[in-house]
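User: Hi! Could you walk me through this model with some questions and answers?

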Number of protein chains: 2
Amino acid sequence: MSVVETVTLFTPESPLHLDGGGALGHVQVAFETWGTLNEARDNAVFIAHALTGDSHAADGDGRRGWWDTMVGPGRPVDTDRFYVICPNLLGGCRGTTGPASTNPATGASYGLDFPLLSIRDFVTVHRALVQHLGIDRLLAVVGGSLGGMQALQWALDAPDEVANAVVIAASSRLTAQNIAFSAVARSAILRDPEFAAGQYAEGSGPRDGLAIARMMAHITYLSEEAMAEKFGRRIQDADEPRRQFGIDFEVESYLEHQGTTFLDRFDALSYLYLTRALDYFDPFAEPSALDAATAEPTPTRFLVMSFDSDWRFGTEHSRRITARLNRAGLPTSFREISAPHGHDSFLMDVPDYLATVRAFLDRAEQEVTGAS
Amino acid sequence: MSVVETVTLFTPESPLHLDGGGALGHVQVAFETWGTLNEARDNAVFIAHALTGDSHAADGDGRRGWWDTMVGPGRPVDTDRFYVICPNLLGGCRGTTGPASTNPATGASYGLDFPLLSIRDFVTVHRALVQHLGIDRLLAVVGGSLGGMQALQWALDAPDEVANAVVIAASSRLTAQNIAFSAVARSAILRDPEFAAGQYAEGSGPRDGLAIARMMAHITYLSEEAMAEKFGRRIQDADEPRRQFGIDFEVESYLEHQGTTFLDRFDALSYLYLTRALDYFDPFAEPSALDAATAEPTPTRFLVMSFDSDWRFGTEHSRRITARLNRAGLPTSFREISAPHGHDSFLMDVPDYLATVRAFLDRAEQEVTGAS
């Protein structure tokens with residue numbers, strides 16, 4: 001169903017110039033596509049993944065997509081009608097160049113020699129990919145959490161390339177508490193003796209630190225109510241508490257499972273680089289942030305969404321984004337969705353939420369095709 | 001000002017029988033007292049400390065007390081009028097027998113051979129200490145967080161010994177999210193290779209794991225608003241971000257400092273044992289929980305308090321305690337205090353809060369002495 005490809009987008013002759021200075025002379029990007037690009041090349045929808053996602057947004061290859069509620073045949077991002085593109089992020093560890101990749105200058109992995117990245121850098125690579133695919137203007141960029149921040153940055157930097165941006169459960173500026181959680185997660189990785197200054201062998205590395213980081217993050221992805229509903233104080237596989245330090249409560253088993261399974265699919269260095277990009281993200285602090293977007297004759301249309309039980313990037317974050325866009329006169333709709341799952345709601349089957357995205361994309365398609 | 005003492009309360013001939021079975025044949029308790037026990041022996045106020053506290057509640061020895069807003073001359077717990085007692089907890093690491101103490105049977109530290117403890121076990125030791133001091137009935141037991149749980153358990157188990165109980169920012173039953181945070185903290189300690197199955201030498205041990213546990217806990221002690229107010233997105237000692245993995249934001253510096261200074265005063269094994277006692281605490285689940293309290297001719301008077309910005313043990317926890325006590329017909333007042341500091345509010349100078357405790361204790365004193 002999906003086409004999986006890897007393409008080299010930047011080379012020593014044509015390097016990736018980074019937002020914070022410096023350059024990367026070799027960047028390959030792993031991406032997947034679903035559906036067919038139409039002749040007018042105006043039915044492309046770009047999916048930007050969140051912190052620990054990858055290119056496999058929708059089902060394919062016999063594997064479930066991480067956003068199969070949103071992307072697929074008949075889904076809001078309908079792969080029967082849209083040409084859907086999802087790459088792995090720059091700095092990631094699922095096929096796109098990142099800190100665990102081989103540094104051509106040394107023949108060893110980059111480790112901490114990899115440059116610090118910004119969300120604009122992710123977008124620069126996305127833009128090169130879309131150009132490579134021969135697409136001038138995307139029907140939409142859609143993303144949740146870190147993915148939503150990419151959609152926002154893209155629409156600010158190159159509004160001519162993005163007809164519509166769907167910014168879900170995102171933030172334009174992390175709070176001290178947001179940064180604090182990421183700082184402790186990174187500290188767990190950096191303090192792990194197996195981190196070895198980032199020069200660990202493939203398959204080894206700071207497994208304990210990364211598991212701790214993931215377990216802690218999972219607490220912030222669920223609302224307190226969702227955790228209470230899902231686990232309460234129930235004991236794992238028993239009626240009576242065992243009274244031990246090992247796993248006893250169901251919630252402990254859940255976290256341990258999340259921490260352990262994560263190790264098989266994610267790299268600790270990527271975790272450091274991607275979370276740090278989040279911390280520094282603050283697009284509206286740039287005085288010229290909105291210049292391109294407001295000068296665009298056919299401005300990007302924004303849909304900003306939040307979930308009422310999200311305590312990681314809750315409604316106040318989405319309201320701030322909406323207020324800045326509205327104040328600049330950009331066409332922006334905001335919806336707060338009631339859903340109990342916390343931040344993770346953006347990945348869940350929440351009918352009101354999915355219907356809102358569907359309606360927004362249907363209208364976007366009609367505007368482009370002239371269909372009614 | 002304060003008297004610092006250590007007393008052996010349980011011996012092989014007269015061991016401490018534990019709530020979960022088993023016994024400890026040697027328990028010494030470090031405690032401090034302030035003020036003077038009157039002739040009627042009815043002016044004693046017992047302070048139960050929280051997770052990482054110690055016996056040094058009020059100023060003395062040239063060191064500030066951890067609860068100097070609450071306890072001291074002229075304070076709500078007035079050391080000029082009350083005889084104030086504060087011991088280090090069983091299982092602690094500040095002079096009272098705990099898992100890092102020497103196991104007389106082996107000559108080495110107990111480590112993980114130390115038995116799992118319950119909050120009732122803490123109270124059993126407190127009761128022995130009060131008996132040792134020749135006090136039949138305390139004017140009050142006062143505690144915040146884990147200290148409040150001890151006050152509650154004591155008043156349920158031995159209401160004749162507790163005329164008044166002040167239960168602040170406590171819980172009678174941790175939520176899944178509460179347990180989750182503690183589980184990840186313990187996992188950071190247990191996964192640290194220096195933990196060495198609990199048989200680390202004094203002064204060494206799982207320093208990284210314990211620092212991570214403490215940093216994470218500190219996030220939960222402050223409200224999101226307090227963190228935003230205190231740190232925002234300010235950069236430590238600079239105007240412009242350095243853009244690095246090391247400390248850059250002020251909140252990172254704060255957490256690192258909290259994690260590091262904690263290592264000099266706290267033991268990782270105590271952290272494991274005390275947090276686990278919290279997880280299992282669920283006194284009202286015992287069918288006979290309220291039997292003693294309701295049978296008592298002069299029932300304990302309760303003051304239950306919460307803070308509106310506390311997201312660790314917020315108002316819903318205190319309301320649950322209050323509802324259970326009220327339903328049993330026990331004299332219980334509840335106050336939610338508005339304070340911005342989150343869970344840490346119970347340690348802070350919050351006038352409305354301190355005045356409420358003062359009024360409650362003043363009335364308690366008047367009832368005992370007959371003064372008006």
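Analyst: Happily, and one term comes before the rest: a residue is buried if 20 or more other C-beta atoms lie within 10 Å of its own, exposed if 12 or fewer, and partly exposed in between, with C-beta atoms placed from the backbone. This is a predicted model, in which local features need pLDDT of at least 70, side-chain atom pairs count only at pLDDT 80 or more, and totals for chains, interfaces and linings use all residues. Residues are numbered from 1 along each chain as its sequence is written, while chains are lettered from A and ligands numbered from 1 in the order in which they are written.

User: Is B:Leu272 buried or exposed?

Analyst: B:Leu272 is found in helix H7 (residues 268–280) of chain B; helices (H or I, at least four residues) and strands (E, at least two) are DSSP runs, numbered from the N terminus. Around B:Leu272 there are 26 other C-beta atoms within 10 Å, so the residue is buried.

User: Which residue of chain A is in contact with B:Leu272, leaving aside neighbours within four places in sequence?

Analyst: Two residues are in contact if their C-beta atoms, placed from the backbone, lie within 7 Å. With those neighbours left aside, B:Leu272 is in contact with B:Arg186 and B:Ile189, and also with A:Phe245.

User: Which helix gives the most to the side of chain A that touches chain B?

Analyst: The contact takes 39 residues from chain A and 38 residues from chain B. Elements giving two or more residues to chain A's side are H3 (176–191), H4 (207–221), H5 (224–230), H6 (250–263) and H7 (268–280). The one that gives the most, with twelve residues, is H3(A).

User: How many nonpolar residues does that side of chain A have?

Analyst: Ala, Val, Leu, Ile, Met, Phe, Trp, Tyr, Cys and Pro count as nonpolar, Asp, Glu, Lys and Arg as charged, and the others, Gly among them, as polar. By class, the side of chain A that touches chain B has five polar and ten charged residues, and its nonpolar residues number 24.

User: How far apart do the C-alpha centres of domain 1 and domain 2 of chain A lie?

Analyst: Domain bounds come from an automatic or database domain assignment, which for chain A gives domain 1 (3–174 + 280–369) and domain 2 (177–276). Between them, 24 residues of domain 1 are in contact with 19 residues of domain 2. Their C-alpha centres are separated by 26 Å.

User: Which are the edge strands of the open sheet in chain A?

Analyst: Two strands pair if DSSP finds at least two bridges between them. Eight strands form this sheet, with mixed pairing, in the order E1-E4-E8-E5-E9-E10-E11-E12. Pairing on one side only are strand E1 (3–10) and strand E12 (332–337) of chain A.

User: Which residue stands opposite A:Phe46?

Analyst: Strand E5 (residues 44–48) and strand E9 (residues 140–144) of chain A run parallel and are joined by four bridges. Opposite A:Phe46, in E9(A), stands A:Val141.

User: Why does B:Gly147 count as buried?

Analyst: The place of B:Gly147 is in helix H2 (residues 146–157) of chain B. Leaving aside neighbours within four places in sequence, B:Gly147 is in contact with B:Ala48, B:His49 and B:Ala50. B:Gly147 is buried because the number of other C-beta atoms within 10 Å is 29.
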